[in-house]
Amino acid sequence: MALLEIENLHAEIDGKPILKGIDLSIEAGQVHAIMGPNGSGKSTLSYVLAGRDGYEVTEGSIRLDGQDLLEMEADERAVAGVFLAMQYPVELPGVTGMTFLREAVNARRKAAGEDEIDAMGFLKMVRAKAKTLGVTDEMLKRAVNVGFSGGEKKRNEILQMAVLEPKFCVLDETDSGLDIDALKVVSEGVNALRSAGRSMLVITHYQRLLNHIEPDVIHVLAHGRIQKTGGKELALELEQNGYADYVEAAA
Amino acid sequence: MSDKATLALLTGAPSSGDGPQWLATVRRTAVEHAERAGLPGVRTEAWKFTNLNALKALEPVAPRGTAEIARPASFGGLDAAELHLSNGTLTRADALPHGVEMVSLAGPDDAPGWVAETLGRIADTDQHPFTAINTGAFAGGVALRIARGATVERPILLLVDTQGVEGAAVATHPRVLVVVEDGAMADLVEVHTGSGAYVNNAVTELVIGKDARLGHYKLQAESGEAFHIAMTAALCADSSTYDNFALSTGGRLARNEIRATLDGRHIEYRINGGYLACGDQHMDTATFIDHAKPDCASHELYKGVLADRAHGVFQGKILVRPDAQKTDGYQMNRALLLSREAEINSKPELEIYADDVKCSHGATVGELEDDQLFYLMARGISKERARAMLVAAYVDEAIDHIQREPIRDAFRAAAADWMQRHIAGAPAEGGV
């Protein structure tokens, strides 16, 4: 069985259907990309996977490692191994980066019946991972995302991913707001986290990101459904022709 | 028109014929003011959001004896010289740091000149009935003088505790005077606690000299049945710094009023605080900043957390007199409502008569933000814990302004202690 199995997923916001029957399965170790025009349901899919309130699943199922994610709250899904790298990381005034990470790690340990993490060892581990992503000590001491540039916010997301070591990562428009240098740093960070036991779903509007994070499979999402699935060549095709075919197809 | 409640609060006041002439005069005037004004009603602008009917219905009695006072656990780690006022009486005074002189205000027959010249001159009794009652009725308290040029590193911790008696409410009127002479520096921490039902009607007068610095930090953690009515009045001179912080967590009804006159140039006035209320608590903060001279800066940030049916009141006024050019004033009150039944009345007010000033004020009311909660939960943190973290972080923004680190830590611990008792999932102290 695949690590992530989405079957016939329907979801709506305020009674308005957005996802209209998504089927998707991702094997352990694979990176899939979802590309699509604005309004196709890309971000909705990421929030539905992470368990955000306000998105009602009306049909279908999502299973991670055989566990039913739809039965879990957002925090339980995170503990089970889901990680959403946000398109717009939220500012948390008064909560330092270090506290945020420690609370997140301890929530996992608590769920696993383990003691809280040793403070010194944790600090060392976080600093080492932060360094490779260009996240400074000063950023870790500051309130999460407060006063961070677009690039700093995204690097901070990837740092959280590195520290929390999830099984399944959703990267929602991680390339948005990044210049080419920042995109490189973030992509290298993501690539370093690719491993046999970990799957990723990279959501993006542009092919550019996929030059840096090379997916195994690409899906085109439009009108709330996956319209086409293929290999890397699909991204190039979209780069050339745009989404016009898909936007019109179901219109 | 002396009302019954005022007379009841004045019961047991020392006769104005007692004590030295200067004090007798001060007391006589104050009693006249108290009796003329009566206790304020909601038609009095300054009290429009705070109904005193429950206090007026009391028939308070004088306190009985004194009791040992223990610091709240959150302040346990603070290295400080302690002064204890139990039921209004000075019961303990540690050896005070070099440069600090102390006088007990229980019948100050032979009070030195600096006491006679300042006591009752800073806190106005004409417009403030409770201050008038305190001035007429105080039976004890302390006066402190920080000698010219003295730098007092060790904070002075004043523990004010009131013990109610069975079947009646007690009334006490503790009085504090601090004179910080030119170029001197000190930190005063006031902690108000108690048990049972009582009225703690406290007045603190402060004189801060030229180039002097006073850190003045207050924790109000009265009993849940208590009425806490307090006035702090400060007079600041040229180039002085007054760093004020107040955290209110206790009392059935609490009113903390802070009035400062910036009577010199280049004064830095920092007035920050927080109020944490739950159940049926009523918590009123009133601040008045009088920019009387040019080139002064005032910074004010209050953060409130109101749970259950708690009612918060914030009235902040900044007056910029015609002479006070180049005034830099900032005032902000932010309240977080954790329940639909919690309530806040916020009334910021600017009155500006100078034309070259920079003043801003504002007030916000909000709930916890969904996107912040989701962000924390999406990292595995439970909803309860996420809420508690965000509430603690909210208050911490104000506590952060306390200039002295050990004192800041103590207040942080006091806030964490409140969170642990009243907000499910709150992290232990130091968790945020």
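Two strands are taken to pair if DSSP finds at least two bridges between them. In the predicted model described here, strand S3 (residues 31–35) of chain A and strand S11 (residues 217–222) of chain A are joined by four bridges and run parallel. Within this pair, Ile34(A) has His219(A) of S11(A) as its bridge partner. Both strands belong to an open sheet of six strands in chain A, which follows the order S6-S9-S10-S3-S11-S12 and has mixed pairing. Strand S6 (82–85) and strand S12 (225–230) of chain A each have a single partner strand and stand at the edges, so one side of each is left without a neighbour in the sheet. On average, and with direction ignored, neighbouring strands of this sheet are turned by 20 degrees against each other.

Chain A also contains a helix pair, in which helix H6 (residues 150–164) and helix H7 (residues 180–192) pack at an angle of about 5 degrees, with their axes 10 Å apart. Because angles under 35 degrees count as roughly parallel, H6(A) and H7(A) are roughly parallel to each other. The contact brings Gly151(A), Lys154(A), Arg155(A) and Ile158(A) of H6(A) together with Ala182(A), Val185(A), Val186(A), Gly189(A) and Val190(A) of H7(A). By class, the residues in this contact of H6(A) with H7(A) are five nonpolar, two polar and two charged.

In chain B, ten strands form an open sheet with mixed pairing, arranged in the order S2-S1-S5-S8-S10-S12-S14-S16-S18-S20. The edges are taken by strand S2 (89–93) and strand S20 (358–366) of chain B, each of which has a single partner strand, so one side of each is left without a neighbour in the sheet. Neighbouring strands of this sheet are turned by 10 degrees against each other on average, direction ignored. At the S2(B) edge, strand S1 (residues 81–86) of chain B is joined to S2(B) by four bridges, and the two run antiparallel. Ser86(B) has Thr89(B) in S2(B) as its bridge partner, and the two strands form a hairpin with two residues between them, where Asn87(B) in the turn has a positive phi of about 50 degrees.

Elsewhere in the sheet of chain B, strand S12 (residues 241–248) and strand S14 (residues 268–277) pair in the parallel sense over eight bridges, with Leu247(B) standing opposite Gly274(B) in S14(B). Helix H7 (residues 383–399) of chain B packs on the sheet and touches S12, S14, strand S16 (297–306) and strand S18 (328–337) of chain B, its direction making about 160 degrees with that of S16(B). Helix H8 (residues 405–422) of chain B likewise packs on the sheet, where it touches strand S8 (185–195), strand S10 (213–220), S12, S14 and S16 of chain B, and its direction makes about 15 degrees with that of S10(B).

The structure holds five cavities of 30 Å³ or more, of which the second largest has a volume of about 80 Å³. The lining of the second largest cavity is formed by Trp47(B), His128(B), Pro129(B), Phe130(B), Thr131(B), Ile229(B), Ala230(B), Met231(B), Arg255(B) and Glu257(B). Helix H5 (129–137), strand S11 (227–236) and strand S13 (253–262) of chain B are the elements that give two or more residues to this lining. By class, the lining of the second largest cavity comprises six nonpolar, two polar and two charged residues.

Conventions
Residues numbered from 1 in each chain as written. Chains lettered and ligands numbered in written order. Predicted model: local features only at pLDDT ≥ 70, side-chain atom pairs only at ≥ 80, totals over all residues. Heavy atoms only, no water. 1 Å grid on protein atoms, 1.4 Å probe; cavity = no way out; pocket = protein on both sides within 12 Å on 5 of 7 lines; lining within 4 Å. Points joined across faces, edges and corners; volume = space filled by probe spheres on them. Nonpolar A, V, L, I, M, F, W, Y, C, P; charged D, E, K, R; others polar. Axes fitted to C-alpha atoms, helices over the stretch in contact; angles between N-to-C directions. Parallel < 35°, antiparallel > 145°, perpendicular 65-115°, else oblique. Contact = heavy atoms within 4.5 Å.
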